[in-house]
Amino acid sequence: MDQFIKNLKTLSNYYTQKEIAEKTGFSASSIANYISGKSQPSVLFLLQLKKIFRIDIDQFLTSDFQINHLGAKNYSYKKFIGSYIVYYYNSSAYKGKVGSYNYDILTFGIITITEEMDFSTASGIKALGLFMLKRSQAEEYLNTLNSFKGDLNKINEFYSQFENYYWGNLEQNQTQLFISLKNNNDKCMIILNNPPSDKKYIGGLGTVNSISRGREHVPCVQYILFSNSVFSLPDGEIYNLLSLGITEINAKSEITDLINLVKKLCLNNNTGLNEYQQKRIIEDSIKNIISDTVDANMFRFAKVSNIEDDNYYRLIKDADYE
């Protein structure tokens with residue numbers, strides 16, 4: 001039965017225990033008991049596996065199960081297991097009151113994705129996290145977690161010492177990874193691109209939906225950067241990375257119009273306008289140009305495209321780490 005349990009665990013990394021239960025007609029608790037070894041499968045269950053998943057029963061009971069033929073569900077949680085440092089903005093900063101280069105709103109956290117020992121989660125995988133950390137804390141904690149080398153007891157003990165730690169689980173489809181986290185006061189959902197490969201996940205760019213803190217407790221969506229290693233980049237560069245760069249604004253025509261207006265008002269003496277009137281016209285023109293230019297270049301939404309995620313993946317892979 002050890003080989004059966006191992007292969008059923010493999011299957012549950014591609015289809016959740018709930019999905020296996022629904023497809024085979026067995027209860028989720030039965031699937032969990034099979035995976036944990038508390039009970040042995042019936043012949044009917046094996047026949048259902050063969051029918052639903054096109055599984056060779058002899059292979060499933062005697063050798064390592066090959067998952068390649070499962071088609072659209074060909075993905076695994078295993079590649080995500082590990083600890084990550086996360087970079088994001090401190091959403092307690094009040095909207096409209098943050099300076100353009102106020103790097104103090106950059107903040108840090110850690111997230112660990114690990115196998116669940118008692119298989120109480122649907123996928124057998126869980127996530128633990130700490131947020132609102134100083135950079136030095138996050139880097140120290142990441143090194144500490146990595147030193148545990150996957151020891152589940154040590155990882156659980158580490159997070160349990162913090163009253164405000166988060167816990168949750170993972171879901172995925174072929175293109176996205178969803179990390180749902182909560183503690184006694186808060187919930188958040190992180191969405192990352194799911195690389196089309198079984199290679200070890202080292203990080204990437206995603207979004208996090210949470211509740212902002214500070215002056216107002218309101219919904220907040222922002223970019224979040226994952227990395228399994230510590231960046232040696234200064235805070236300012238990470239700050240700019242999370243803003244996805246600064247859009248290059250082409251305002252040549254507006255500048256030309258403004259220059260012509262100034263020439264007309266100030267260099268010609270036949271306008272009949274006094275200095276105050278000329279000043280007000282120029283001020284209003286500058287305000288209108290700025291307003292129109294900003295409005296024309298402002299995105300109403302933002303996307304983490306595959307191209308952007310790949311760029312950040314390469315940055316994580318190629319950057320100099322401490």
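These are questions and answers on a few local features of a predicted model.

Reader: Why is Ile286 called partly exposed?

Author: Its relative accessible area is 34%. Partly exposed covers the range between under 20%, which is buried, and over 50%, which is exposed, so Ile286 is partly exposed. Ile286 is found in helix α10, residues 275-297.

Reader: What makes Ile286 eligible for a surface patch?

Author: A patch residue needs over 30% relative accessible area, and Ile286 has 34%. Ile286 forms a nonpolar patch with Ile290 and Val294, and together they have about 240 Å² of accessible area.

Reader: How do you know that Met132 is partly exposed and not exposed?

Author: Met132 has 48% relative accessibility. Exposed requires over 50%, so Met132 counts as partly exposed. Met132 sits in strand β3, residues 125-133.

Reader: Why is Lys149 called exposed?

Author: Lys149 has a relative accessible area of 76%, and the cut-off for exposed is over 50%; therefore Lys149 is exposed. Lys149 lies in the loop between α6 (135-147) and α7 (152-160).

Reader: What makes the phi of Met132 and of Lys149 worth a remark?

Author: Most residues other than glycine have a negative phi. Met132 is not a glycine, yet has a positive phi of about 55°. Lys149, also a residue other than glycine, has a positive phi near 50°.

Reader: Which residues line the second largest pocket?

Author: There are 19 lining residues, and Pro195, Pro196, Asp309, Asp310 and Tyr313 lie nearest its centre. Helix α11, residues 306-318, gives the most to this lining, with 7 residues. By class, the lining has 4 nonpolar, 7 polar and 8 charged residues. The volume of the second largest pocket is about 410 Å³.

Notes: Residues are numbered from 1 along each chain as its sequence is written. This is a predicted model: local features need pLDDT of at least 70, side-chain atom pairs count only at pLDDT 80 or more; totals for chains, interfaces and linings use all residues. Side-chain values use heavy atoms; hydrogens and water are left out. Patches are made of residues with over 30% relative accessible area and no salt bridge: like charges are joined within 9 Å, nonpolar side chains (Val, Leu, Ile, Met, Phe, Trp, Tyr) within 5 Å. Accessible areas come from the Shrake-Rupley method with a 1.4 Å probe; for residues, only the protein chains shown count as cover. A salt bridge is a side-chain nitrogen of Lys or Arg within 4 Å of a carboxyl oxygen of Asp or Glu. Helices (H or I, at least four residues) and strands (E, at least two) are DSSP runs, numbered from the N terminus. Buried means under 20% relative accessible area, exposed over 50%, partly exposed in between (1.4 Å probe, protein chains only). On a 1 Å grid over the protein atoms alone, a cavity is a set of points where a 1.4 Å probe fits but cannot get out, and a pocket is an open set with protein on both sides within 12 Å along at least five of seven lines; lining residues have an atom within 4 Å of a point. Grid points are joined across faces, edges and corners, and a volume is the space filled by probe spheres set on the points. Ala, Val, Leu, Ile, Met, Phe, Trp, Tyr, Cys and Pro count as nonpolar, Asp, Glu, Lys and Arg as charged, and the others, Gly among them, as polar.
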